[in-house]
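Student: I've got this one open on my screen and would like to walk through it with you. Can we take it piece by piece?

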Amino acid sequence: MKKILVFSIFFLFSFGVSAQYSGALPGYKIVSGNNWVKAKNYYLLTLLEQDKQVQSLLKADAQLSKLSQEKYNALQAAIKNCKDGLCLPAALKFTSADIELVSNRLAALYKPGNALDKLVKTQLIPSGCYILYKDETPANLLIKAWQQDAAAVNFAIGVYGEGRKPNYPVIDSISFDVHKKNYLILMYDCAAGVADVTRSNSLFFAIPLQSALTFLEINERNNAGDFEPMAATENKLAVTKIKTINWAGYPYSHILVPGAGPDNLTTPLSGEGMLRCRTAARAYFAGKAPFVVVSGGAVHPYKTRNNEAIEMRKYMIKTLHVPGYAVIIDPHARHTTTNIRNDVRIVFRYGMPFAKPGLIVTDKYQNDFIENMEKRCLNELKYVPYKLGKRLSETELEFYPVITSLQIDADEPMDP
C-alpha cells in the first residue's frame, strides 16, 4: 500500500512538473550515445540507435528493411559511377519519398504501450528537444521529430558536402572548393568511409546520418560537441554550487554576458568582450546574482580557434577575480539569439529557478538590438526564447526564460 501511495505521489508530482514545462522534465539527462554532435543535432535518431527494443521493431519491418538496402545500393552505385564531387553527397541524402515512407511506417508501427510509445513518453517528451510539437499526439510527435531530423541530416549534407549556402555564409560556409577536381577524391573517400562504417548497420537512416556526421567532421564543424558534457566537466563546480544557493537572497538567478569576437585570428578576447566582462563582474560583486554565464562560440573571424566563452571565463577569473564556481560557460552560441536561447537551456538543465529573471549585461548597442530582436528570433528559431523585463540601464536588461528554448534547431548544425 505504501509503495502504491509513494508511486502515486511521484506520478502526480512528475505530471505537475511536466505540465508546467510542456512535458519537459528538469533533470532530464540527454542520451549522448558517445557522440554529442549527433545527439544535439539528431536526437531522435540517436535514441533509435540506443534502444534495442525499438531497433528490433524497425529492423523487423519489411518496408524499412527494403529502404535500408536501397540506401546501401544507392551508395555503392554512387561510389562506382559518380564522375564529379557533387554527385556523391547528393546520393547520400534522404529523398522526399524516403521521408514520407518512414513517416507512414512509424505511424503504422506506433502502438500504445510498445517500444516506440515508451520512447516518446520517457525520452522525447521529457527531453524537450521537440517541444514545438508538444500539442501533437505522441504518434504525431514521433513523426514530426523524424521529419525534423531527416531535414537536419539533409541540411548538413547540403552545406558541408554539396557546398550550399548556410544561414550565415561568412562564418559557417564549407571549407572546400566543390568545383576543384580533387573534390571528387575527397567525396569518394567520404562515401567509401561511410560504406565501411555502416556495412553491418541495417537501420534505414544509418547511411545519411553517418554521411552528415562525416561531412561536419572533415569541415572541422563539430562545434556542437565542444566541451561536452559540460555539466560534468567545464561547469561542474557551478552545477555543484547551484544546489547550495539561497535564491531568495538574489534579485536575479544569473547574469548573462554575450560574447564579442575579435576581428583577427590572433587576438583571443576582443576589447568589447573585456568591457562586457568588467561590467558583469561589477554586477556580480554587487550581489545581483550568484552566477555569471559567459556565452559565445568559436565564431569570428571565420575558422577562428579562439572560443569567446572560454576566453571570457579566463578573463573573469584571472583578471577580474570572480570565483571559478560562479562562472558558467556556454561555448556554443554563434549569434545573439542563441546567446539567450542556450542560456535558458542552462538555467533549466542545471536546476536554477526557472521563474526567476536573469540579467543580460552587455553594451548599450547590443541591448538596444535585443529589445528589438523578436522578429529575428521568429525567423531563425520559430519562437522567441525569452520575455523581456525592465531595461535597468544602458548595460543591464532583465529577461525571463521561455521553455521552448529546448527545441533543437534543424538548420544550425554547429549550434542546434
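Student: Where does Pro-262 lie?

Tutor: Keep in mind that this is a predicted model. For Pro-262, look past the end of β1 (255-258) and ahead of α14 (271-285). The place you want is the loop between β1 and α14.

Student: Is Pro-262 buried or exposed?

Tutor: The cut-off for buried is under 20% relative accessible area. Pro-262 has a relative accessible area of 9%, so it counts as buried.

Student: Which residues does Pro-262 touch, leaving out those up to four places away in sequence?

Tutor: One partner to look for is Pro-301, which is 39 residues from Pro-262 in sequence but 7.0 Å from it in space, C-alpha to C-alpha. With the sequence neighbours up to four places away set aside, the contacts of Pro-262 are Thr-267, Ser-270, His-300 and Pro-301.

Student: What kind of peptide bond joins His-300 and Pro-301?

Tutor: Pro-301 belongs to the loop between β2 and α15 (308-319). Check omega for the bond from His-300 to Pro-301: about -10°. That bond is cis.

Student: Which residue in the loop between β2 and α15 has a positive phi without being a glycine?

Tutor: Look for a phi near 65°. The residue is partly exposed, with a relative accessible area of 23%, and sits in the loop between β2 and α15. It's Lys-303.

Student: What is the strand order in the open sheet of six strands?

Tutor: Start from the edges: β3 (327-330) and β5 (386-391) each have a single partner strand, so one side of each is left without a neighbour in the sheet. The pairing is mixed, and neighbouring strands are turned by 30° against each other on average, direction ignored. Reading across, the order is β3-β2-β1-β4-β6-β5.

Student: In what sense do β1 and β2 pair?

Tutor: A handy landmark is Pro-258, which stands opposite Ser-295 in β2. Four bridges link β1 with β2 (residues 292-295), and the sense is parallel.

Student: Which residue in β3 stands opposite Val-293?

Tutor: Here β2 and β3 run parallel, joined by four bridges. Within β3, Val-327 and Ile-329 point one way while Ile-328 and Asp-330 point the other, and all are buried. The residue opposite Val-293 is Ile-328.

Student: What angle does the direction of α14 make with that of β1?

Tutor: Helix α14 packs on the sheet, where it touches β1, β2, β4 (358-361) and β6 (396-401). Compare its direction with that of β1, and the angle is about 175°.

Student: How far apart in sequence are the parts tied together by Tyr-21 and Phe-348?

Tutor: The two rings form an edge-to-face pair, 5.0 Å centre to centre with 75° between the planes, and both residues are buried. Tyr-21 is in the loop between α1 (2-20) and α2 (36-41) and Phe-348 is in helix α16 (residues 336-350), so the pair ties together parts separated in sequence by 327 residues.

Student: And how do the planes of Phe-176 and Tyr-183 sit?

Tutor: Their centres are 6.3 Å apart, with 45° between the planes. Phe-176 is partly exposed at 29% relative accessible area, whereas Tyr-183 is buried at 2%. Planes under 30 degrees apart would count as stacked and over 60 as edge-to-face, so this pair is tilted.

Student: Which ring does the charged end of Lys-364 sit over?

Tutor: There's a similar case to look at alongside: Lys-241 lies over the face of Tyr-325, 4.6 Å from the ring centre. For Lys-364, the distance to the ring centre is 5.1 Å, and the ring belongs to Tyr-365.

Student: How far apart are the end C-alpha atoms of helix α9?

Tutor: The helix covers residues 138-160, and 17 of its 23 residues are buried. At 1.5 Å a residue, α9 should span 33 Å. The model agrees, as the end C-alpha atoms are apart by 33 Å.

Note on methods. Residues numbered from 1 in each chain as written. Predicted model: local features only at pLDDT ≥ 70, side-chain atom pairs only at ≥ 80, totals over all residues. Heavy atoms only, no water. Phe/Tyr/Trp six-rings, centres within 6.5 Å; stacked < 30°, edge-to-face > 60°. Helix = DSSP H or I, 4+ residues; strand = E, 2+ residues; numbered from the N terminus. Buried < 20%, exposed > 50% of the residue type's maximum accessible area, 1.4 Å probe, protein only. Lys NZ or Arg CZ within 6 Å of the ring centre and 35° of its normal. Expected span 1.5 Å × (residues − 1). Contact = heavy atoms within 4.5 Å. Pairing = 2+ DSSP bridges. Axes fitted to C-alpha atoms, helices over the stretch in contact; angles between N-to-C directions.
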